[in-house]
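Welcome, and thank you for opening the viewer. Please load the model and get ready to select residues as we go from stop to stop.

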Amino acid sequence: MLQALIMLVLVAVAASALVVQGRYDAERSARDRSLAAAESFAHAPGTALALRSPDPTARLQGAAEQARKGSGVDFVTVLDEHGVRLTDPAPALIGTKAQGVGRAAAGETFTETFHGRPADAVRAVVPVTDASRRVVGMVAAGIEYANVGDVLNQQLPMLLGAAAGALVLATGGAALISRRLLRQTHGLGPAEMTRMYEHHDAVLHAVREGVLIVGGDGRILLANDEASRLLGLPEDTDQRHVRELGLGPGLTRLLVAGEAVSDEIIPTGGRLLAVNIRPTAPYGGAQGLVATFRDTTDLRALTGQAELARGRLSFLYEAGMRIGTTLDIRRTAEELTEVAVPRMADIVTVELLDSVLRGEEPTSAVHEMRRTALRASRPGHPLQPVGDVIRFVMADTPTVAALRRGRAVLVADLDTARDWRAQDPEGARRALDHGIHSLISVPLRARGVVLGMVNFWRGADTPRFEDEDVAVTEELVARAAVAIDNARRYSREHAMAMTLQRNLLPLGLPEQDALEIASRYLPAQSGVGGDWFDVIPLPGFRVALVVGDIVGHGLQAAVTMGRLRTAVLNFSSLDLAPDELLGHLDEMVTRLDSQTATDDDGEPLTGATCLYAIYDPVGGRCTFSRAGHLAPAVADPQGRVTFPDLPLSPPLGVGGHPFEAGELDLPEGSRLVLFTDGLVENRGRDIDEGLEMLSSTIARADPSPEETCRALVETMLPEHPSDDVALLVARTRLLDPSCAVTWEVPFDVTAVPRVRKEVSRRLAEWQLEESAFTTELILSELLTNALRYGAPPICVRLLLGRTLVCEVSDGSNTSPRLRHAATTDEGGRGLFLVSQFADIWGTRYAARGKVIWAEQNLDRTTAPDASAMFDVLDL
């Protein structure tokens with residue numbers, strides 16, 4: 001009965017212990033799962049960026065639900081830095097504030113059993129930090145407390161049944177064993193009992209773990225050999241109090257306190273011991289404790305080395321993120337010094353070749369460099385400042401040795417390094433007086449070519465460089481070298497593109513009397529682009545205005561712009577109408593694109609836009625044609641601004657659509673504003689807002705084109721525009737009616753003398769008698785050809801400006817052809833005479849017929865030599 005009672009107590013205690021242990025394990029498992037889920041989601045690569053996005057809930061809600069389902073927890077909630085829920089399995093809770101997360105907002109990760117709304121739970125809260133270690137949010141994950149005990153509750157019937165079965169079996173077994181032991185112990189002799197104790201002692205003292213048993217009064221009851229070795233115990237340890245053994249304050253405190261301890265690291269006697277302490281009373285023993293000890297000195301050393309390696313990898317990763325954020329050579333060198341000081345060195349200097357700083361290919365003369373960046377952890381360093389030329393002329397100095405070998409050179413102790421002092425003894429003395437004592441020189445190399453040199457210095461308060469530091473500095477400099485070489489190559493290409501674009505854009509506006517013109521071109525922040533403009537004088541005092549936009553940026557866009565501008569100049573020399581010119585330009589773009597399609601390096605021209613306008617000052621009429629381009633703004637003399645509804649054709653290269661032209665009659669003093677989309681459109685402003693802003697700016701601006709340009713640039717554009725901008729502002733002028741005269745000529749050769757007399761009389765009124773002979777000769781030849789080979793109606797027009805223009809129009813589309821007549825020919829010399837006595841002449845076609853024109857400069861002081869004319873005629 002007594003044994004049955006004992007078994008009942010033991011089974012009850014065991015069952016209770018299993019229940020308690022099961023609940024403890026369930027809670028611990030819930031904590032671990034919650035912490036793992038929260039840390040995994042918080043440290044995910046995109047979590048911090050999503051928290052900084054405009055709508056973090058949209059970006060994180062789906063990912064949080066996937067993480068919750070995948071990890072098996074009840075909730076994964078993302079909070080902002082103030083504890084407001086951004087995501088939650090229950091959408092109704094989004095936007096509410098979580099309780100008890102202040103420690104995570106301060107940067108601490110913790111797990112807890114939470115009691116409160118919305119439900120009691122075992123949860124873990126982990127802060128989310130950005131690259132600067134600042135908390136930008138929190139992630140909470142956990143399992144509701146009701147679900148923690150579900151598994152235990154499911155197992156409880158089985159556990160109680162097993163306990164009951166164990167009680168029955170234990171009671172029956174105890175009865176059987178008791179009877180058997182009663183019979184067997186009567187035959188057990190002293191030898192067998194002694195051997196049993198010897199086995200116990202052998203096992204206790206053979207294990208590689210120290211065991212110390214301490215009684216309830218603090219005295220040593222048992223210490224095995226390993227405990228004596230690890231703790232340095234004397235031979236008379238038994239029955240001595242733990243305070244008398246000189247175990248150190250930390251270990252003594254643990255042994256006296258008698259509380260349970262798990263794997264606490266205690267330094268003792270030059271060792272790091274992992275201490276575990278358990279009280280003996282709960283396990284059926286007398287009042288006291290059992291302490292075990294393991295030597296973890298070697299393990300801690302390995303852990304320290306792993307931590308050091310992890311820190312170096314983290315440092316290199318951070319360097320890769322911070323170096324090369326711009327394509328500026330000097331800024332990249334400065335970023336290298338900012339990363340390395342003070343984490344790697346107290347002072348870092350970067351010297352680069354002058355050719356590298358100019359964006360050119362590095363030269364082989366590496367013994368003279370310019371200090372480009374310098375950073376020190378404290379002011380007052382003795383090294384040469386940024387901008388100085390650094391020369392490496394002594395063959396046995398560490399820097400020259402590093403350049404020659406192509407790898408880093410370590411000088412651990414500068415005080416004893418005589419070769420280091422040879423280059424600059426006075427500078428070396430100042431450095432040593434300042435406390436600099438260690439150096440690593442690393443050549444800056446990219447693609448096998450030296451770009452410069454990086455020197456890492458350490459001062460008096462920092463330990464010397466070691467061999468392990470050399471590998472880190474070489475890796476750091478290698479990453480910086482790639483970034484600097486990329487910046488150098490970008491600088492070279494950018495300079496080439498800028499030079500090309502400056503040469504391709506108009507270097508100046510041509511002289512003409514029809515328009516007062518001002519222009520602006522502003523490249524984008526990212527570099528050159530394809531926006532362009534042009535002003536082209538045409539016969540008859542007309543002026544062509546051109547604005548275009550090429551898709552893309554960079555060298556290819558600048559080249560494409562040059563090709564289109566050259567094509568427009570060539571087509572305009574044919575004096576084509578705007579719609580015809582754009583038609584020819586579209587055909588050329590299509591042809592070039594078909595050739596580019598077979599070239600992998602080429603970029604298509606399709607998508608380029610262009611606006612071509614011709615202004616005639618005689619009547620104030622302007623003809624426009626546009627290929628996918630924005631309509632110009634027109635401001636009348638009173639300042640009212642409109643955007644005329646001009647025909648719009650597809651961009652160049654699309655094909656399949658005819659180009660149309662539109663006309664406007666512009667009063668004198670009107671302003672034409674031609675621009676590309678970069679002026680009115682950007683990321684923060686749509687095109688309608690931009691056009692409205694453009695209209696109001698033009699209306700308020702001074703009427704002069706130059707002031708209008710200045711006002712538009714200052715008002716419409718940021719300091720660094722994201723797209724390049726071409727702007728052309730032209731104020732119209734009209735030709736004085738007295739300087740333009742037209743005669744309608746009957747289709748009869750007898751009318752030629754009469755018209756010639758009228759022209760002579762008009763030239764006399766204009767006080768151009770010295771040009772009369774030449775003008776009459778040109779007019780006679782052009783008018784005779786029109787009457788002989790043309791068709792009615794025939795008109796003669798004389799225009800006076802900075803030049804004298806004589807035009808003869810007829811209804812025929814047959815173009816005259818200049819040729820050299822043979823000596824036996826009776827005719828064929830008329831156009832040859834015109835080409836000899838006119839400064840320039842040509843033909844342009846109208847909607848019906850053609851116009852043959854000849855232009856003379858007015859700075860002639862003598863009339864043509866009549867004898868020379870007869871020589872030409874071979875008379």
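## First stop: S34 and its surroundings

Select S34, a buried residue whose relative accessible area is 0%. S34 belongs to helix α1, which runs over residues 2–42. Now show what S34 touches: leaving out residues up to four places away in sequence, the partners are V73, V122, R123, A124, A141, G142 and I143.

One of those partners, R123, leads to the next view. Add F114, and you will find R123 lying over the face of its ring, 4.1 Å from the ring centre. Then select R103 and F110 for another such pair: the charged end of R103 sits over the ring of F110, at 4.0 Å from the centre. If you would like to hunt for aromatic pairs as well, you can skip the search, since a scan of the whole structure finds zero of them.

## Stepping back to the whole chain

Zoom out now. Keep in mind that what you see is a predicted model. The pLDDT of the protein chain averages 81, and 86% of the residues score at least 70. Residues 821–828 are a stretch to view with care: pLDDT is below 50 there, and the stretch has nine contacts in the model beyond near neighbours in sequence.

Colour by secondary structure and you will have 24 helices and 31 strands on screen. How many of the 875 residues count as buried? The share is 44%. Among contacts with a separation of 6 or more, 60% are between residues 24 or more positions apart.

## A serine that is partly exposed

Go to S228 in helix α8, residues 225–231. Is S228 buried or exposed, or partly exposed? Its relative accessibility is 24%, so S228 counts as partly exposed. Not counting residues up to four places away in sequence, S228 touches A223 and L233. Try the distance tool on S228 and L212: the two are 16 residues apart in sequence, and their C-alpha atoms are 8.9 Å apart.

## Along helix α11

Next, select residues 329–340, which form helix α11. Its twelve residues reach 17 Å from first C-alpha to last, close to the 16 Å expected at 1.5 Å a residue. At the start of the helix, look for D328: one of its side-chain oxygens comes to within 3.3 Å of the backbone nitrogen of R330.

Which residues of α11 are buried? They are I329, T332, A333, E335, L336, T337, V339 and A340. A helix has 3.6 residues a turn, so residues three or four places apart point the same way. Turn the view along the helix axis to see how the buried positions are arranged.

Carry on into the loop between α11 and β10 (347–352), where you will meet P342. The peptide bond joining V341 and P342 is cis, with omega at about 5 degrees. For another cis bond, jump to P792 and P793, where omega is near 0 degrees. P793 sits in the loop between α22 (772–789) and β28 (794–800).

## A mostly covered helix

Select residues 398–405 for helix α13, in which six of the eight residues are buried. The buried ones are P398, T399, V400, A401, A402 and L403. Show their packing partners too: β11 (368–376), β13 (409–411), α14 (418–421), β14 (438–446) and β15 (449–458). Just after the helix, G406 has a positive phi of about 80 degrees.

From here, move to R447 in the loop between β14 and β15. R447 is not a glycine, yet its phi is positive, at about 55 degrees. With 52% relative accessibility, R447 counts as exposed.

## Last stops: D575 and G842

Now find D575, in the loop between α17 (555–572) and α18 (578–596). D575 is another residue other than glycine with a positive phi, near 55 degrees. Is D575 buried or exposed? Since its relative accessibility is 7%, D575 counts as buried.

Finish at G842 in strand β30, residues 840–845. G842 is buried, with a relative accessible area of 11%. Leaving aside neighbours within four places in sequence, G842 is in contact with V851, I852 and W853. Then draw a line from G842 to S573: they are 269 residues apart in sequence, but 9.5 Å apart in space, C-alpha to C-alpha.

Notes. Residues are numbered from 1 along each chain as its sequence is written. Side-chain values use heavy atoms; hydrogens and water are left out. Helices (H or I, at least four residues) and strands (E, at least two) are DSSP runs, numbered from the N terminus. The expected span of a helix is 1.5 Å times one less than its number of residues. Buried means under 20% relative accessible area, exposed over 50%, partly exposed in between (1.4 Å probe, protein chains only). A polar contact is a pair of N or O atoms within 3.5 Å; within protein, one must be able to donate a hydrogen and the other to accept it, and residues adjacent in sequence count only if both atoms are side-chain atoms. Contact means heavy atoms within 4.5 Å. pLDDT is the predictor's confidence in each residue, from 0 to 100. Rings of Phe, Tyr and Trp (its six-membered ring) pair if their centres lie within 6.5 Å; planes under 30 degrees apart count as stacked, over 60 as edge-to-face and the rest as tilted. A charge sits over a ring if NZ of Lys or CZ of Arg is within 6 Å of the ring centre and within 35 degrees of the ring normal.
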